[in-house]
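Grab your viewer and work through these exercises at your own pace. Each one sets a task, then walks through a solution.

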Amino acid sequence: MQQNMPYISLITPDAPIATPTHGGRAKCLQRLVRLDLPVPETVTLSFDAIKAVASGQLLDMAEIVSHFGPDDLLCVRPSSEDKDWGGPGAVLNIGMNDERYVQLSDTLGAEAAAALYLRFVQTYSVNVARLDADIFDHILDQGQQGLSEALRAYEDEADEAFPQDIAFQLGEVIRSMARAWEGTTARLLRQAKGAPADAGLGLVVQKMAFGLGRGECGSGVLQLVDSDTGLPQITGRYLRQSQGRDALEETSSLFLERDDRGPSLESEAPEIFTTLIENAKLMRSKLREEMQIEFVVEDGSLHILDGIRVHRKSRAAVQIAVDLVHDGIIPKEEALLRVEPRAVTELLHRQVAADAPRDIIGNGIAASPGAATGKIVFSSEAALAASSRGEACILVRRETSPEDVRGMHAANAVLTERGGMTSHAAVIGRGLGLPCIVGATGMQFDTGQRKLIAEDGRVFKEGDIITVDGLIGQVLAGPVDMIEPGLGDTFREFLGWAVENADIRVRANADTPQDAQIARRFNAHGIGLCRTEHMFFNEDRLTVMQEMIFADTSADRRAVLDRLLPMQRADFLELFRIMNKQPVCIRLFDPPLHEFLPSDKSGLRGLAEALDLPMSRVMQRVDALEEYNPMLGLRGVRLGVTIPEIYEMQARAIFEATIEASKEGVDIVPEIMIPLVSAKREVELIKARVDAIAAKVRVEQSADFTYRLGVMVETPRAALRANEISQNSAFLSFGTNDLTQMTYGLSRDDAGRFMSNYVQQGVYSEDPFHTLDTEGVGELLQLGISRAREAKPDIVTSVCGEHGGNPESIAFCRAQGVDYVSCSPFRVPVAWLTAAQLAIRDKVG
């Protein structure tokens, strides 16, 4: 293989080296050379070169070795395109042999030379010759005696003496690393981290700087920020008489800065420390990144072996990006691109500490991020009681229903046996910012006996303490150490930049004043979905709602609903005040009526007593409301058509609240959304009734106001007939939760039982309730938008399902030209950052 081919390159300031062809480490070392930093002589081998070696070809070892002095020892490190993709471990001290050992014994000392040789023999034996590591288990001495024993062990096991030729040693190391990269296990591991199947590996061959010997010698790592917080802090360690990253593993390491707890590099070698800090600051400024430096001190001289991007937690990623902007190193747009949208989620909630021990007792679907510890409770009533006592609790249910919302508000986390990403518990959990795991089918939920049986058979009773990690879907026994949310001024500034750069608006799904407050804190441009049915489950309203269900005539229903009217009006007025002139889209009543009735005998008996009705009458009414498939039955607009009094009351409450808000200086144009529409005539009927109520309120109040009426597109037919439906609509909001459910004929509450199996077997590439199905549901969305705009070009379109907070789904929605997305309040920052990144990438091409 010829040297003039681009396989072998000495790293010089103008050498043809690039990350896509030689890897990130090689490119970084070239940048350090350009900064005139003390980098030892280094040669880089390209991706193509290593691929050729893996296929059996040979590189010209003499050519590589010729770039170094005859007495130099070498090390080989991997250089992949992304350091997170990993690679083979570094091999140090290549070229060490019997002759070199004698020479170094004179210059470094016999013990230091023996340590260098011993390290190479052991590394070469295990990683290159593929001998068992236990052949060295008997070696306790790390000096000359240990070296002799190691060489003898190698010869006994390999049936040959340890190789002495540097070119042969180097060739075998390179061949071993190339084949390791192409191995099945390595390929699967890096693909799991996002690497393409054909990701390449480069290698860097570098002259060794000895951290052992006479004078001040050692090795260490240094960075200028804390990896957890991103705040300025000199971090790292230095270990005398060491190589590689030994300093991070030894308790005898020195601190870097002066420290009362022990000796430091600054106190022992102040000039070296000062130079090291200057180099780190130069790298930060010129490489435009926080870097970790790997360095060696050899007889008082500093050498920079490597520089890698500082590993960072989500909180640190935001802090670092903002600080780099403040220091004029990068622009705001680049800072936004440096933080993964999903990483923002970790800043919004408490998290289990990375180093906390995990006693895992169950696994499920990570439906709402965050972590919480508390006592197990099996009912909403128990959760409310625990909250009143100031006790943290975890609400454990087979599945939740609307009547559990109060208990969810009281609980610190929710764990359910059933459900998927858009089940009731998941949606409400995300809305409340409540850690939630659903679909924990490996655990047994014995709610009758109030027991939770772990996957390993351990039994947990009501009152026992568990921890729910909603970020990764793990249930843990007992309490664990937590990290608090990171919502400081830095995060707010970063979020403000995202809002400035986004070209699609983001609203929040908010049902309560608390939700609305969170939405405002995260810069939501209004409420995109207010689910009014959740307002009826408060204790003072539930009985009134149940009375309405048992009313026999329209007049009786109106009489009961008149008692709910002031409560609804107050609800809407509070939302209008909080949103302060931002748009508020209110969905009219949606769920089937049976959800407001108890299902157990004790609950039915209590209802009979509350309504002063015979038990037989209550049972009769409950039976009459029973449906084979209630989610496809009498709900949504169908209730509005057949029992119009509910929608009439809600419309009046909205309009009266609008007038009251305007008197307080809060001018708002409410948006009223009709759910579960499938036919044009449904919209016409509801619109006529809402318009009539508006006219009555205007006359009664002697006040004028405007409002917008729209449709929630949740059925495939509504999407297909959007051209007709849009004629009486100011906006169409695609409710992708139900639209996905109806398109697939798949219950979102039951999908969790088999969804992971389907994804693993490739039936679905992703859970369609988590990431929008762009081929099926997405095509309906495309058709709906295009047909609606053909009929009504100025119609506003949006997506208000939970997909509105999913980065991949937002990208698809933006490409279709939707005006805004709406998602749970705690997903709003994720949506803003995603939208900003999409816009920035479009601008830069």
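**Exercise 1. Which residue in S7 stands opposite Gln223, and how are S6 and S7 joined?**

Step 1. Gln223 stands opposite Thr235 in S7. Keep in mind that you're looking at a predicted model.

Step 2. Now count the ladder: S6 and S7 run antiparallel and share 7 bridges.

Step 3. Follow the chain from one strand to the other. The two form a hairpin with 6 residues between them, and Gly230 in the turn has a positive phi of about 80°.

**Exercise 2. Work out the strand order of the sheet that holds S6, and find its edges.**

Step 1. On its other pairing, S6 runs antiparallel to S8, with 5 bridges between them. Here Gly220 stands opposite Phe295 in S8.

Step 2. Move on to strand S8 (residues 291-298), which pairs with S9 over 8 bridges, again in the antiparallel sense. One pair to click on is Val296 with its bridge partner His303 in S9.

Step 3. Put the pieces together: the open sheet has 4 strands in the order S7-S6-S8-S9, with antiparallel pairing. Strand S7 (232-240) and strand S9 (301-309) each pair on one side only, which puts them at the edges. On average, neighbouring strands are turned by 20° against each other, ignoring direction.

Step 4. Check how covered S6 is: 8 of its 8 residues are buried.

**Exercise 3. Which helices lie on this sheet, and at what angles?**

Step 1. H2 lies across S8 and S9, at about 135° to S9. Helix H11 (residues 270-287) also packs on the sheet; it touches strand S6 (218-225), S7, S8 and S9, and its direction makes about 150° with that of S8.

Step 2. Look along H2 (residues 24-34) for buried residues: Ala26, Lys27, Cys28, Leu29, Gln30 and Leu32. An α-helix has 3.6 residues a turn, so residues three or four places apart point the same way.

Step 3. Just past the helix, check the backbone: Asp36 follows H2 and has a positive phi, near 60°.

**Exercise 4. Is Glu290 buried or exposed, and what does its side chain contact?**

Step 1. Find Glu290 in the loop between H11 and S8.

Step 2. The relative accessible area of Glu290 is 4%, and the cut-off for buried is under 20%, so Glu290 counts as buried.

Step 3. For a polar partner, go to Arg284: the two side chains make a polar contact at 2.5 Å.

Step 4. Leaving out residues up to four places away in sequence, the residues that Glu290 touches include Leu224, Val225, Ile308 and Ile320.

**Exercise 5. Describe how H22 packs against H23.**

Step 1. Two packed helices are described by the angle between their axes and the distance between the axes. For helix H22 (residues 601-611) and helix H23 (residues 615-625), the axes come within 9 Å and cross at roughly 115°.

Step 2. Add the handedness: the crossing is right-handed.

Step 3. List who meets whom. Lys601, Leu604, Arg605, Leu607 and Ala608 in H22 meet Met615, Val618, Met619 and Val622 in H23. By class, that contact has 7 nonpolar, no polar and 2 charged residues.

**Exercise 6. Which strands pair with S30, and in which sense?**

Step 1. Strand S23 (residues 505-509) pairs with S30 in the parallel sense over 4 bridges, with Arg505 partnering Tyr820.

Step 2. Strand S29 (residues 796-799) is also parallel to S30, over 2 bridges, and Ser798 stands opposite Tyr820.

Step 3. Finally, compare the faces of S30: Tyr820 and Ser822 on one side and Val821 and Cys823 on the other are all buried.

Key. Residues are numbered from 1 along each chain as its sequence is written. This is a predicted model: local features need pLDDT of at least 70, side-chain atom pairs count only at pLDDT 80 or more; totals for chains, interfaces and linings use all residues. Side-chain values use heavy atoms; hydrogens and water are left out. Buried means under 20% relative accessible area, exposed over 50%, partly exposed in between (1.4 Å probe, protein chains only). Axes are lines fitted to C-alpha atoms, for helices over the stretch in contact, and angles run from 0 to 180 degrees between N-to-C directions. A crossing is left-handed if the near helix is turned anticlockwise from the far one by less than a right angle, and right-handed if clockwise. Contact means heavy atoms within 4.5 Å. Ala, Val, Leu, Ile, Met, Phe, Trp, Tyr, Cys and Pro count as nonpolar, Asp, Glu, Lys and Arg as charged, and the others, Gly among them, as polar. Two strands pair if DSSP finds at least two bridges between them. A polar contact is a pair of N or O atoms within 3.5 Å; within protein, one must be able to donate a hydrogen and the other to accept it, and residues adjacent in sequence count only if both atoms are side-chain atoms.
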